[in-house]
Amino acid sequence: MDAVETAVRFLRDGGLVAFPTETVYGLGADATSSAAVNRIFAAKGRPATNPLIIHVADETRAKRFAAAWPAAAAKLAEAFWPGPLTLVVPKSPWIVNEATAGLKTVGLRAPDHPLALELLRRFDGPVAAPSANRSNRVSPTTAQHVREELGSAVDFILDGGPCHVGIESTVLDLTSPVPMILRPGAITLEQIEAGIGPVRLLHAVADPSTPAASPGQQTVHYAPRAAAFRFEPADRFRLARWCQEHIERSWAILAIGDADAEAMLAALPAIDGNLHKLIEMPMVAREYARRFYATLRDMDALNIETIWVETPPQEPQWLAIRDRIARATRPGAAALGIGPLP
Ligand code: TXA
Ligand code: MG
């Protein structure tokens, strides 16, 4: 029996199967079974108020699990599926209420990964799958990350190698009067607008006591174990001073490209390669996204105490990465002595 067939059997038996997608690994269960879906929440330690994304192989199957399929959904599925775009539409009764945290809507997506598509085609039903990490931790982008996160809480892991996109899908609500991006991702607002016209971006922070519009809207989410701070490019030399003042501690700097950062560190005496890391992150957004979560995990594995993450440019292709950095870190300005004006 091949691995996909094994995975299908576990899903049919109400089990938990981790599988690769182009974005991050998902922790999948049969979305028509309350018991199976409840196991996802238990394994992740996820609040029951946070709805799950339902994965399907294609648009035809998506329509089975939606009570309505607006013209915008048809257009976007045609343009971007399989791909990193989740469409929130009215929910059909096939999807159990636990999967959508009691909401009347459902987030559906067809992931662009051959193993995932094979699994979804053979299973044929809807697969509820959040990212395969414990709640509030960094999403896994390799099968090994899933093992480290969930261990025996998952019945079976389909290994499809490292994820190509590296951050979670764009979540687009098509049930609001103007379509609204609840979570930015690789499919940009500009790409969506080119297909269906004006779209808004959610800025509000969700009230944690009610079903979250998107949990991504809580302030620290997707966080590494280390204390993580962000800094602006203009503050590199203040950061160098901080590093000098904390030379006895272990820290890492995730700088974006260029030799400037190296010059900055070269100016620091007493740098110890075991305790202090300068990571040159890619200057191309797509490549940065692919590496970001794995790099945070690498720093945790090295027992780095403090991670400093440089804020990328304010350009559309960086929006989703800026969002994930904002959720993985706290502002570092105060630590750098740049307090707000009195
Ligand atoms: O790329 C991804 O989307 C990955 C892979 C595995 O597909 N999945 C993922 O799932 O990131 P999760 O559970 O970590 O994030 C799901 C996001 C949350 O922000 C959730 O609130 C939102 O989608 N969501 C799901 N259903 C929703 C609904 N009916 N209404 C509003 N937001 C919804
Ligand atoms: Mg997640």
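**Aromatic contacts, sheet and cavity in the predicted model**

Phe-231 and Trp-308 are both buried. In this predicted model, the two residues belong to one aromatic cluster, which also takes in Phe-229 and Trp-242. Across the whole structure, the search returns 8 aromatic pairs. One of them is formed by Phe-10 and Phe-156: the ring centres lie 5.9 Å apart and the planes meet at 20 degrees, and since planes under 30 degrees apart count as stacked, this pair is classed as stacked. The contact joins distant parts of the chain, with Phe-10 in helix H1 (residues 3–12) and Phe-156 in strand E7 (residues 156–157), 146 residues apart. Phe-10 has a relative accessible area of 29% and is therefore partly exposed, the bounds of that class being 20% and 50%. The pair of Phe-231 and Trp-308 is edge-to-face, with 6.4 Å from centre to centre and 70 degrees between the planes. Phe-231 is located in strand E11 (residues 227–231) and Trp-308 in strand E14 (residues 306–310), so this pair ties together parts of the chain that are 77 residues apart in sequence.

Strand E7, which carries Phe-156, is also part of an open sheet. This sheet has 10 strands with mixed pairing, in the order E7-E1-E2-E6-E3-E5-E4-E8-E9-E10. Its edges are formed by E7 and strand E10 (200–201), each of which pairs on one side only. Strands of a sheet pair through backbone hydrogen bonds, in either a parallel or an antiparallel sense.

Strand E4 (residues 85–90) is mostly covered, with 5 of its 6 residues buried. On one side, E4 is joined to strand E5 (residues 105–109) by 4 bridges, and the two strands run antiparallel. Within this pairing, Leu-87 stands opposite Leu-108 of E5. E4 also pairs with E8, here in the parallel sense and over 4 bridges; Val-88 stands opposite Asp-173 in E8. Strand E8 (residues 170–173) in turn pairs with strand E9 (residues 180–183) in the antiparallel sense, over 3 bridges. Leu-172 has Ile-181 of E9 as its bridge partner.

Ile-181 appears again in the lining of the largest cavity. The count of cavities of 30 Å³ or more comes to 1, and the largest cavity has a volume of about 60 Å³. Besides Ile-181, the lining comprises Pro-184, Gly-185, Ile-187, Thr-188, Leu-189, Glu-190, Pro-316, Leu-319 and Ala-320. Helix H7 (189–196) and helix H11 (319–328) each contribute at least two residues to this lining. By residue class, the lining divides into 7 nonpolar, 2 polar and 1 charged.

The search of the whole structure finds 0 disulfides. Cys-163 has a relative accessibility of 4% and therefore counts as buried. Cys-243 likewise counts as buried, because its relative accessibility is 0%. Both values fall under the 20% cut-off for burial.

How values were computed
Residues are numbered from 1 along each chain as its sequence is written. Chains are lettered from A and ligands numbered from 1 in the order in which they are written. This is a predicted model: local features need pLDDT of at least 70, side-chain atom pairs count only at pLDDT 80 or more; totals for chains, interfaces and linings use all residues. Side-chain values use heavy atoms; hydrogens and water are left out. A disulfide is a pair of cysteine sulfur atoms within 2.5 Å. Buried means under 20% relative accessible area, exposed over 50%, partly exposed in between (1.4 Å probe, protein chains only). On a 1 Å grid over the protein atoms alone, a cavity is a set of points where a 1.4 Å probe fits but cannot get out, and a pocket is an open set with protein on both sides within 12 Å along at least five of seven lines; lining residues have an atom within 4 Å of a point. Grid points are joined across faces, edges and corners, and a volume is the space filled by probe spheres set on the points. Ala, Val, Leu, Ile, Met, Phe, Trp, Tyr, Cys and Pro count as nonpolar, Asp, Glu, Lys and Arg as charged, and the others, Gly among them, as polar. Rings of Phe, Tyr and Trp (its six-membered ring) pair if their centres lie within 6.5 Å; planes under 30 degrees apart count as stacked, over 60 as edge-to-face and the rest as tilted. Two strands pair if DSSP finds at least two bridges between them.
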